[in-house]
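These are my notebook entries on a structure that I had not examined before. I set down each item in the order in which I looked it up.

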Amino acid sequence: MKKTILSTFILILASPFAAFSQVSLDSCRNMALRNNKLIRIAQANLEGASHLKSAAKAAYLPGIDFTGTYFYNQHIINLLEEDAKLPTMSFDPATGSYKYNLVTGADGKPVVNPSTGSYIPSEIAVIPKDALSYDVHNVFAGAFTLTQPIYMGGQIRALNKIAGFGEKIAAAMTNNATQEIVYTVDEAYWTVVSLKEKKRLAESFVALTDSLCHNVRLMLDQGVATRSDLLSVEVRVNEANIALTKVSNGLVLSRMALAQVCGLPPETTMDLADENLNSEDLKPAPPVDINEVYSRRADLEAVRQTVNLLKSREKLSLSEMLPKIALVGAYTFSNPNLIDGFQKRFGGGFSVGAMLQVPIWHWGGDYNKYRAAKSTTKAQQLLLEDLEEKVDLQVKQARFSLDEADKTFRMASLNMKKAEENLRQAQIGFREGVLTTSDVLAAQTAWLGANSEKIDAEIGLRLARTYLEKVAGRLGW
């Protein structure tokens, strides 16, 4: 919480020419993680995966939909071409049945129409054409539908698992991006610290050469030194100033690079809390358990969750070959409606049913999709095994590099002490006249080299530890 408050306060006050004092490594990490575009992208992907997971859960619940339609028809519907004329029947008590009412002749027999060959009815019932004509120029219809999945062959469960694994993959990728950014910040941070130390070293070297140049001038005036000695020292003074200029420029550029990584304007000046290197805070790295590395590495976790996702896709492919059952309910209405005859008003009703779908034969298409999904899963499992082997090698190399960096640092520290003593003895011998200017220049060069190697060794040791934490999956925020 304290780190977050500090970093937020820094961000609020940030301006193109802002200056911060005593900014710690943790603060730089926090600022970088807040402002880095890749982290924001990863977080957006994680948020999207979370929404997809919630959407997949909704498939268990009934879905309610509304559908509305409108049609304009050019014609009305006429069920009759013209008025219909229908013969009538009367009840005959003698026979106990109904008989058509027909025209009979003198002989009592029904008269036949010569033109049609059919009997002529004596009475008819007329159905007017207009009675069966319906106005359907404007038709409105709608339906509320409820669908509740009962059994979908395991499809919904597989989709929910896929969404869950997708969220875990997004979280692992966010964690991986975080570790990459943190390592980049650490590199930029310790580069600034290294150049700051080298700038101090260069300033000390300039002071040493200036002091030697002053002494040689005095000796030249007294006739105990030659012009060649003075020129050699002056050349070394110029070289020291050139080196100081290069280091100063490099320090400015490294500060700009650190500010950019932290998401601040390049002109921002930050005084780092570790600019005064303290070797006492270097602690031995904790042991590394390769099994714990496998479980912590974000990239391996992403591949591992991808394997689980592909296994769920196998079940999704298998569900295409299984029956599916769903409960369906609907309320439909229309205008005009035919519930009680043809009425030009809205009317509707409820209906409930069940749907069963059983795949029977698709010429092996669904089965081959299932086999393809299993092959993809197998390939991803082999990829995971290969990555684990590479991670094992990577951790061993990082551990070896750390041990090497530790030995280099201890040797460089020892060499620096010897170089300091050698320079002290050379200065004493030069004052007593037993050593020459060349001896002092050589001692100064050795002192400069030893100090520079010690700075490089200490920064290298810190970065080696950071890299080991990174490959071990322990470098996080």
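**Entry 1: the largest pocket.** I began with the lining of the largest pocket and asked which element supplies the largest share of it. The answer is H9, with four residues. I note here that the model is a predicted one. Helix H9 covers residues 437-471, and helix H2 (25-35) and helix H4 (155-221) likewise each supply at least two residues of the lining.

I then looked up the volume and found about 270 Å³ of space in this pocket. The lining consists of 13 residues, and those closest to the centre of the pocket are Leu 25, Arg 29, Asp 186, Arg 462 and Thr 466. Sorted by class, the lining holds eight charged residues, four nonpolar ones and one polar one.

**Entry 2: helix H2.** I next asked how many of the 11 residues of H2 are buried. Nine of them are, and I recorded the helix as mostly covered. Among the buried residues of H2 are Leu 25 and Arg 29, both of which I had already listed as close to the centre of the largest pocket. The others that I wrote down as buried in H2 are Ser 27, Cys 28, Asn 30, Met 31, Ala 32, Leu 33 and Asn 35.

**Entry 3: a nonpolar patch.** I turned to the surface and found a nonpolar patch with about 1,200 Å² of accessible area together. Its members are Ile 150, Tyr 151, Ile 325, Leu 327, Val 352, Leu 356, Val 358, Ile 360, Trp 361 and Trp 363. Strand E9 (138-151), strand E11 (324-335) and strand E12 (347-357) each supply at least two residues of the patch.

I chose one member, Ile 150, which lies in strand E9. Is Ile 150 buried or exposed? Its relative accessibility is 54%, so I entered Ile 150 as exposed.

**Entry 4: two residues and their distant partners in the chain.** I located Asp 229 in helix H5, residues 227-261. Asp 229 is partly exposed because its relative accessible area is 24%. I also noted that 7.9 Å separates the C-alpha atoms of Asp 229 and Ser 438, although the two residues are 209 residues apart along the chain.

Val 391 is in helix H8, residues 365-432. With a relative accessible area of 4%, Val 391 is buried. For Val 391 and Tyr 294, I recorded a C-alpha separation of 8.0 Å and a distance of 97 residues along the chain.

Notes:
Residues numbered from 1 in each chain as written. Predicted model: local features only at pLDDT ≥ 70, side-chain atom pairs only at ≥ 80, totals over all residues. Heavy atoms only, no water. 1 Å grid on protein atoms, 1.4 Å probe; cavity = no way out; pocket = protein on both sides within 12 Å on 5 of 7 lines; lining within 4 Å. Points joined across faces, edges and corners; volume = space filled by probe spheres on them. Nonpolar A, V, L, I, M, F, W, Y, C, P; charged D, E, K, R; others polar. Patch = residues over 30% accessible without salt bridge, like charges linked within 9 Å, V, L, I, M, F, W, Y side chains within 5 Å. Areas by Shrake-Rupley, 256 points an atom, 1.4 Å probe, with all protein chains shown as cover. Salt bridge = Lys/Arg side-chain N within 4 Å of Asp/Glu carboxyl O. Buried < 20%, exposed > 50% of the residue type's maximum accessible area, 1.4 Å probe, protein only.
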